[in-house]
Amino acid sequence: MRIAMIGTGYVGLVSGACFADFGHDVTCVDKDEKKIASLHRGEIPIYEPGLDELVANNVKAKRLDFTTDLSKPVAEADAVFIAVGTPSRRGDGHADLSYVYAAAKEIAQALSGFTVVVTKSTVPVGTGDEVERIIRAANPNADVVVASNPEFLREGAAIRDFKFPDRIVVGTNDERGRKVMGDIYRPLSLNQAPLMFTARRTAEMIKYAANAFLATKITFINEIADLSEKAGANVQEVARGIGLDNRIGTKFLHAGPGFGGSCFPKDTKALIKIAQDHDVQLRIVESVLAVNENRKRAMARKVSQALGGSLRGKTIAVLGLTFKPDTDDMRDAPSIPLVTGLIDMGATVKAFDPVGMEQAKGELPSITYCEDAYSCAQGADAVVIVTEWVQFRALDLDRLKSAMAQPIVVDLRNIYRPEEMEAAGFTYESVGRLSPGRDGGRGLHLRERRASAGAGLTLPRQCIIPSWPGLSRPFTSVF
C-alpha cells in the first residue's frame with residue numbers, strides 16, 4: 001500500500017520506516033527543508049537504536065522517501081498519517097493542535113480518490129471530528145475517512161514496540177477505513193498482535209488514559225519509596241512483591257527522580273484540561289502531576305542532605321541527563337530541575353551523558369560537560385546517577401573513588417547495591433532503600449534497632465510462632 005507520513009519527528013520517522021520495512025511504499029513529508037536534506041544524506045535527526053540502519057535499508061530498497069511537498073504523496077496515498085507535534089500550549093497546558101489542523105487543511109487540497117486520513121499524533125478526544133470538519137470544509141468532494149491510530153512507542157525501544165506491539169488501536173466505524181487499516185497492519189498478524197477497532201473518540205481516549213495510568217504507577221512507587229526510606233523497607237523488594245501480582249504487574253514500578261520525556265508530562269496536563277472542559281475533575285491525575293513536579297526539585301535536596309545539608313562551594317558530578325537511556329531526548333528530563341536546584345544551592349555542576357549532551361546544552365548552558373564518567377567525577381564532592389545508562393551500571397568503583405574529592409554517591413536509579421558500595425568505601429544514598437551506614441543494610445529502622453537494644457531484647461534467628469494455626473516449621477527471621 002502507499003502511505004504518506006506527515007511529520008518526520010520521533011513518531012513519524014519511526015512509524016514511516018517500520019511501515020516501509022513491512023513492504024509498503026512510504027513517503028515522509030516535513031516542512032523543515034534542512035531536516036529533509038539531512039535525511040536524504042542518511043543523517044537521522046533523532047537518536048533511536050537501530051533507526052539509522054532501518055531507514056538506510058528501506059531507502060536503498062526504494063520503499064522509503066522524503067520530501068517537503070505533500071501534494072503528490074497525498075494524492076497517491078491509500079492512507080495519510082498525521083504525525084506532527086502536539087506540545088503543551090503555552091499558558092494553559094492544553095495540547096497545541098495548530099500543527100495537526102494545518103496539516104489537515106493542506107491534506108484536504110491534495111486528496112485524490114478514496115483515502116484514509118489517520119491521526120497518529122497524540123490528540124485530545126474529539127480532535128478527529130475537527131480534522132474531518134476541516135477536510136470536508138476545504139474539499140467538500142473528498143472521498144475520505146478520518147481515523148485515529150495512537151502510537152504506543154517507548155523511546156529507546158520504539159522499533160521493537162512497533163513490530164511487536166501489545167496492541168494496535170484503530171478508531172473508526174467505517175468498514176472501508178477498517179479494511180485499509182487492517183491491510184496496513186496485516187504484516188503484524190504473524191506476531192499475533194491484537195488489532196483493536198473502536199470508535200474514533202474511544203481510541204483518542206485510550207492513548208491519554210494509558211499514559212496517565214503509567215504515570216500514576218511511577219508516581220505511586222516513588223511515594224512508596226519515600227515511605228520505605230522512613231520506615232526501613234526496601235522499595236525494590238516492595239515493587240517486586242506487588243508486581244508479581246499479575247493484576248498489578250512489574251513494569252513501571254522502578255523508583256527514581258520522577259517521570260519526564262515527550263509524553264507523560266504533556267499528556268497528563270492535557271488530560272486534566274480535557275476533563276476540565278467537560279466539567280470533570282481527575283483528582284488522581286492532578287495529584288500525579290503535582291507530586292512528580294515536586295519530586296524532581298526534591299532530588300537536589302536529597303543530594304544536599306548527603307553532603308551534610310550544604311552545597312555551597314561543592315562540585316557535583318551528574319551522570320546521565322536524558323529522561324531515560326537510549327535516547328537523546330531532554331524534554332521534561334528530571335535532570336533539568338535537579339541541576340538547576342543544585343546550582344541554586346551554590347554547587348558547581350559537571351555532567352556526562354553518552355548521547356544527550358548536545359541536546360542538554362540548550363537546556364543547561366552553564367554547566368561543564370565532560371568526555372566520560374571518570375573525568376566527570378574528577379574532583380567531585382559527590383556523584384549523582386540520574387539516568388540508568390548501561391555505561392553506568394558497571395563503573396570501576398576504585399577508579400571512581402580515586403578521582404573524587406569525597407567518596408559520596410547518590411544513586412537516583414538504584415543501579416548499585418548498598419552493601420557493594422559500602423564495601424568499596426563509598427557513602428551511598430539511593431531511593432527507597434536505607435543506606436548501610438544507617439541501618440546496616442538489614443531493612444530495620446534505626447529507631448527500632450536502638451529501642452530493641454535499649455530494652456535488652458534479643459532477636460532470635462529462628463522461632464516458633466504458636467499463635468499461627470497450622471505453622472509447624474521454624475520461622476526464619478531476617479535479622
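**Close-up 1. Arg201 sits partly exposed in this predicted model and pairs up with Asp129**. Arg201 has a relative accessibility of 43%, which puts this side chain in the partly exposed class. Its salt-bridge partner is Asp129, with N to O at 2.8 Å. Arg201 belongs to helix 9 (residues 200-231) and Asp129 to helix 6 (residues 127-138), so this one pair ties together parts that are 72 residues apart in sequence. Asp129 is partly exposed too, at 30% relative accessibility.

**Close-up 2. Arg176 reaches from a helix to a loop**. Here the salt bridge runs between Arg176 and Asp143, and their closest N and O atoms are 3.0 Å apart. Arg176 is part of helix 8 (residues 175-185), while Asp143 sits in the loop between helix 6 and strand 6 (144-148), so the contact links parts 33 residues apart in sequence. Arg176 comes out at 40% relative accessibility, so call this residue partly exposed. The label for Asp143 is also partly exposed, at 35%.

**Close-up 3. A handful of charged side chains join into one network**. Back to Arg201 and Asp129: through salt bridges that share partners, they join up with Glu132, Arg136 and Arg200. For the wider picture, a search of the whole structure turns up 28 salt bridges.

**Close-up 4. Asp25 and Arg2 bridge two strands**. The side chains of Asp25 and Arg2 make a salt bridge, 3.6 Å from N to O. Asp25 is in strand 2 (residues 25-29) and Arg2 is in strand 1 (residues 2-6), so the pair ties together parts 23 residues apart in sequence. Asp25 has a relative accessible area of 31%, making it partly exposed, and Arg2 is partly exposed as well, at 34%.

**Close-up 5. Leu342 and Ile316 are the best-connected members of the largest nonpolar core**. That core has 60 residues, and these two touch the most other members. What does Leu342 contact, once neighbours within four places in sequence are set aside? The list is Ala300, Val303, Leu311, Ile316, Val318, Ala347 and Val349. As a rule of thumb, nonpolar side chains in soluble globular proteins tend to be buried together.

**Close-up 6. Another nonpolar core lies apart from the largest one**. This core has 39 residues. Among them are Phe19, Ile46, Leu153 and Ile159, handy names to look for when you zoom in.

Conventions
Residues are numbered from 1 along each chain as its sequence is written. This is a predicted model: local features need pLDDT of at least 70, side-chain atom pairs count only at pLDDT 80 or more; totals for chains, interfaces and linings use all residues. Side-chain values use heavy atoms; hydrogens and water are left out. A salt bridge is a side-chain nitrogen of Lys or Arg within 4 Å of a carboxyl oxygen of Asp or Glu. Helices (H or I, at least four residues) and strands (E, at least two) are DSSP runs, numbered from the N terminus. Buried means under 20% relative accessible area, exposed over 50%, partly exposed in between (1.4 Å probe, protein chains only). A nonpolar core is a set of buried Ala, Val, Leu, Ile, Met, Phe, Trp, Tyr and Cys residues joined through side-chain atoms within 4.5 Å. Contact means heavy atoms within 4.5 Å.
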